[in-house]
Amino acid sequence: MTATLTPRAGKIDDIRREDDSRGYERDETDSLHQLGTLLLTMAERDDARIPAGRRARRTLAEMAPNYVRPPLLFFNLPVRAADDACGLCGFWTCRCPAAAVPAPPPSTAGTVR
């Protein structure tokens, strides 16, 4: 008689069964959320003890009400030479939309100083 062997995953199958038997596990973001809630509760409780005009300013809007922050990113494209490849698309004959590319400076190759 010949015994038929059926393929099994072995150790991996055991690990999967053990993990499935534990059920749903919470992740670490739950504890972070609980900490944030605790800190907010503590701040509100402590603020209630401080007189209205004596509370410390905490946000930029409270510290400087009319302050306008400058933008973090500046989209200034470097001006490229007329005889150079496009810095955006990399082609010698630019394939970018006309609104996205600044005009190249006039060529000074033929002028004598």
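## A buried aspartate in helix α2

Asp47 counts as buried, at 17% relative accessibility. The cut-off for that label is under 20% relative accessible area. Asp47 sits in helix α2. The model is a predicted one.

What does Asp47 touch, once its neighbours within four places in sequence are left aside? Arg55 and Arg58 are its contacts. With Arg58, the side chain of Asp47 makes a polar contact of 2.9 Å.

## Overall fold and surface

The protein is built of three helices and has zero strands. Read from the N terminus, the order of elements is α-α-α. Helix α1 covers residues 11-22. Helix α2 covers residues 29-49.

How much of the protein is buried? Of its 113 residues, 4% count as such. About 11000 Å² is exposed, and carbon and sulfur atoms supply 59% of that area. Among contacts with a separation of 6 or more, 21% are between residues 24 or more positions apart.

## Salt bridges in helix α2

Side chains of opposite charge can pair when their charged atoms come close. The protein has eight salt bridges, counted with a limit of 4 Å between a side-chain nitrogen of Lys or Arg and a carboxyl oxygen of Asp or Glu.

One of them joins Asp46 and Arg49, at 3.6 Å from N to O. Both residues belong to helix α2 and are three residues apart, so about one helical turn separates them. Are these two partners buried or exposed? Asp46 is partly exposed, at 28% relative accessibility. Arg49 counts as exposed, at 67%.

## A charged network in helix α1

Elsewhere, Asp13, Asp14, Arg16 and Arg17 are joined into one network by salt bridges that share partners. Which residue pairs with Asp13 in a salt bridge at 3.5 Å? Arg16 does, with that value taken between the closest N and O atoms. Asp13 and Arg16 are three residues apart in helix α1, and therefore about one helical turn lies between them. Asp13 is partly exposed, at 22% relative accessibility. Arg16 is partly exposed too, with a relative accessible area of 47%.

Asp14 forms a salt bridge with Arg17. Here the closest N and O atoms are 3.3 Å apart. Asp14 and Arg17 also lie in helix α1, three residues apart, or about one turn of the helix. Asp14 has a relative accessible area of 34%, which makes it partly exposed. Arg17 counts as partly exposed at 48%.

## A nonpolar patch

Which residues make the nonpolar surface patch of about 460 Å²? They are Leu32, Leu35, Leu38, Leu39 and Met42. Met42 is placed in helix α2.

Why can Met42 belong to such a patch? Its relative accessible area is 33%, so Met42 is partly exposed and passes the cut-off of over 30% that patch residues must meet.

Technical notes: Residues numbered from 1 in each chain as written. Predicted model: local features only at pLDDT ≥ 70, side-chain atom pairs only at ≥ 80, totals over all residues. Heavy atoms only, no water. Patch = residues over 30% accessible without salt bridge, like charges linked within 9 Å, V, L, I, M, F, W, Y side chains within 5 Å. Areas by Shrake-Rupley, 256 points an atom, 1.4 Å probe, with all protein chains shown as cover. Helix = DSSP H or I, 4+ residues; strand = E, 2+ residues; numbered from the N terminus. Buried < 20%, exposed > 50% of the residue type's maximum accessible area, 1.4 Å probe, protein only. Contact = heavy atoms within 4.5 Å. Polar contact = N/O pair within 3.5 Å; in protein donor to acceptor, adjacent residues only side chain to side chain.
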